[in-house]
Amino acid sequence: MRNTQAFREAVAETLAELARRGVTLTPATVEDTIERNVRAVADQLGIQARSAWRYFDAAALADTIAHSVKELEDSSADDRAGQAPMPPKDNPELALILAGVPDALAQTGGDLYAVILNVAVNAWTAGHIHGEDGCEGCEGGRGPTGHDWQARMRTLNEMQPDITKWFDRDVWTRAMSSTGFTVNRA
């Protein structure tokens, strides 16, 4: 379905309609939504997917998506909804994770997927150490210190990282640029 002219046109039209409504989504998200909708129409009507295109309306789909986005924004009392809670800015573990991103980008040759995966795994591990997820299966799985969060924080502090600099977007961006890679919107 995705290799058809109809599909490419539907994605382009829907993205344009969303832009007119002030909603920005990735093309992949729109592609997934269109594919799901066209397949649902085909299944519901008992027709082939290629015949379901006659029922496709980019403006109507954009209206539905924009409405959903607006509802999500309105239901949130805080403009940070959907974002993880931020630990204190003097958290050495988070500073080390942030500091490791430019190095990981350089080591992977600019493989952003590998960098994001590294950050996610480090954050997940930090949650296990802190006990935030209550993972009973991990007890005793980290050697003699187990999940001693305080011991981990002491160890990290003994490394004396320059914690506060990694919370400065300009410092982080310069470090990213020094790797020879940048992340720009295409």
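This passage describes one buried helix residue and the salt bridges of a predicted model.

Helix α1 spans residues 5–20 and includes T14. With a relative accessibility of 0%, T14 counts as buried. Beyond its sequence neighbours up to four places away, T14 touches V30, I34, F56, A58, L61 and A62.

Turning to charged side chains, a search of the whole structure gives seven salt bridges. One of them pairs E31 with R2, and the closest N and O atoms of this pair lie 3.3 Å apart. This salt bridge links distant parts of the chain, since E31 belongs to helix α2 (residues 27–45) and R2 to the segment before α1, 29 residues apart. Both partners are partly exposed: E31 has a relative accessible area of 24%, and R2 has a relative accessibility of 29%.

R2 also forms a salt bridge with E35, where the closest N and O atoms are 2.8 Å apart. Here again distant parts of the chain are linked, with R2 in the segment before α1 and E35 in helix α2, 33 residues apart. E35 has a relative accessible area of 18% and is therefore buried, the cut-off being under 20%.

A further salt bridge joins the side chains of E17 and R21, at 2.7 Å from N to O. E17 is buried at 16% relative accessibility, whereas R21 is partly exposed, with a relative accessible area of 29%. Through shared partners, salt bridges connect R2, E31, D32, E35 and R39 into one network.

Conventions: Residues numbered from 1 in each chain as written. Predicted model: local features only at pLDDT ≥ 70, side-chain atom pairs only at ≥ 80, totals over all residues. Heavy atoms only, no water. Helix = DSSP H or I, 4+ residues; strand = E, 2+ residues; numbered from the N terminus. Buried < 20%, exposed > 50% of the residue type's maximum accessible area, 1.4 Å probe, protein only. Contact = heavy atoms within 4.5 Å. Salt bridge = Lys/Arg side-chain N within 4 Å of Asp/Glu carboxyl O.
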